[in-house]
Amino acid sequence: MLAALSGFCRSTAVARLAATATVSGLVAAGVLSGAGTAAADVAPQTEGGATATIDGLKTFGEAVVHDAGGDQRVSAGLFEMSVDGGGTLQTYCVDLHNPVQRDAHYQETSWSGTSLGANRDAGKIRWILRNSYPQVNDLAALARRAGTHGLTEQDAAAGTQVAIWRYSDHAKVDAVDPQAEKLADYLERSARDSAEPPASLSLDPSAVSGRPGALVGPVTVHTNANAVTVIPPAGVAAGGARITDKAGKPLTAAKNGSRIYFHIPQDAADGSAQLTVQASTTVPVGRALTSDSRSQTQILAGSSESAVSATATAGWAARGAIPAISARKDCAKGTVDILAVNKGDQPFTFRLMDTEHTVPAGATRTIGVPLQEDQGYDFTITGPDGFSRRFTGVLDCKIQGAIVSKTTTQTMGEPTPIATPTPDDTNLAATGGSALTPLIAGVAIGLVVIGGAVLVVLRKREQPNE
């Protein structure tokens with residue numbers, strides 16, 4: 001097994017890692033400027049939900065990938081992840097040609113931030129997840145449906161992964177075990193479109209702005225949890241901000257659909273604050289998980305009761321421009337989209353990558369920053385009166401090309417038996433979940449840029465005023 005990897009579907013694609021290891025001169029040139037950003041606020045860039053560390057491939061068999069480089073034998077099966085704050089996730093990979101990095105940290109995300117966003121077969125993958133192992137753990141019944149017999153957990157995991165790869169990567173791949181192959185064929189043949197699942201926990205929008213002496217918001221809670229805990233901003237930097245409902249009543253708990261406001265004192269100096277919401281819930285089957293370490297994208301197959309969280313920020317000012325800035329990856333367009341909202345009575349002018357942009361009073365503008373696949377970014381938005389927001393990450397949207405190196409079967413130890421999950425398609429049997437502790441999700445900073453000169457062109461489109 002390669003020393004750099006743990007629990008991989010296949011060995012490292014040499015060309016890809018070579019590009020990853022090359023530090024581009026773009027940073028020094030200021031094209032993707034990271035200079036002078038040490039004091040910048042690192043704005044929340046995640047959508048919320050679960051964050052977890054991958055533990056490795058636990059229940060698996062073997063498959064053969066057929067491509068231009070020849071037939072390659074790979075491990076195929078079910079991964080496990082340990083959730084920050086408590087809980088366990090089971091996942092399959094949807095990025096066959098990309099390796100899993102050892103101890104990679106993952107964040108729950110929407111399909112639009114992954115290769116699934118531009119994949120018309122993504123809904124069929126979710127159908128497979130909901131109608132195969134481990135959601136269906138009656139292996140005898142699953143075998144009958146597939147027209148086979150004697151499925152083991154390893155066969156079921158391998159067959160399910162193979163079927164997923166046929167839709168996620170559109171790969172020519174077969175399971176080595178005949179029973180697993182029959183299952184893969186059945187799942188591929190039977191798959192139907194299914195809707196993308198909602199986030200386990202998110203706040204929308206993730207950034208708001210307004211004036212002191214008023215309620216700033218709302219921020220709406222979206223969750224499948226019964227209730228969430230609201231962690232208010234703390235410290236002098238919060239400017240006395242309180243978290244309330246629309247009537248101004250302090251909030252310490254909320255539920256799906258709740259609208260949360262920042263109550264800013266009339267005499268508060270211009271400033272900003274951040275709130276966090278936390279819950280314990282199961283993560284919906286079919287949610288994507290991505291890592292800024294370029295570890296392969298995963299899709300959720302099962303979840304124990306797990307800790308989830310989300311954050312939102314508020315900014316306020318007595319007069320002038322009052323901006324709220326957020327960012328989100330859009331894999332369909334190959335961009336990182338900067339959403340700039342100005343709730344003030346004067347235009348907000350800011351600089352992004354040496355280009356100046358202006359958002360009129362009361363308006364919203366989205367600026368798409370095009371990036372190459374696997375390109376790291378680290379840029380800071382600066383504006384008047386010391387305004388600064390920093391966004392970092394990696395655009396990892398596409399499946400890769402042919403396998404370029406010989407694969408050795410993954411051998412992390414004997415496959416781990418998995419206990420029976422409940423019928424609910426979001427549940428995973430307790431496999432190590434424990435009492436949950438509060439979680440505040442951080443923003444990982446991975447700063448590597450693909451080598452070579454890249455011309456970045458900003459595209460602007462003005463959206464209707466709010």
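In this predicted model, helix H5 (residues 153-168) and helix H6 (residues 178-190) bring their axes within 8 Å of each other and cross at roughly 40°. That angle makes H5 oblique to H6, and the crossing of the two helices is right-handed. On the H5 side, the contact is built from Asp-155, Ala-156, Ala-158, Gly-159, Thr-160, Val-162, Ala-163, Arg-166 and Tyr-167. H6 answers with Gln-179, Ala-180, Glu-181, Leu-183, Ala-184, Asp-185, Leu-187 and Glu-188. Sorted by character, the residues of this contact between H5 and H6 comprise 9 nonpolar, 3 polar and 5 charged.

Attention now turns to the strands. An open sheet of 4 strands is arranged in the order E7-E9-E13-E11, and its pairing is antiparallel. Strand E7 (201-204) and strand E11 (242-244) form the edges, each of them pairing on one side only. Leaving direction aside, neighbouring strands of this sheet are turned against each other by 30° on average.

Within the sheet order, E9 is followed by E13, and this pair can be described in further detail. Strand E9 (residues 215-223) and strand E13 (residues 259-263) run antiparallel and are joined by 4 bridges. In general, the strands of a sheet pair through backbone hydrogen bonds, in either a parallel or an antiparallel manner. A handy landmark for the reader following along in the structure is Val-216, which stands opposite Phe-262 in E13.

Conventions
Residues numbered from 1 in each chain as written. Predicted model: local features only at pLDDT ≥ 70, side-chain atom pairs only at ≥ 80, totals over all residues. Heavy atoms only, no water. Axes fitted to C-alpha atoms, helices over the stretch in contact; angles between N-to-C directions. Parallel < 35°, antiparallel > 145°, perpendicular 65-115°, else oblique. Left-handed = near helix turned anticlockwise from the far one by under 90°. Contact = heavy atoms within 4.5 Å. Nonpolar A, V, L, I, M, F, W, Y, C, P; charged D, E, K, R; others polar. Pairing = 2+ DSSP bridges.
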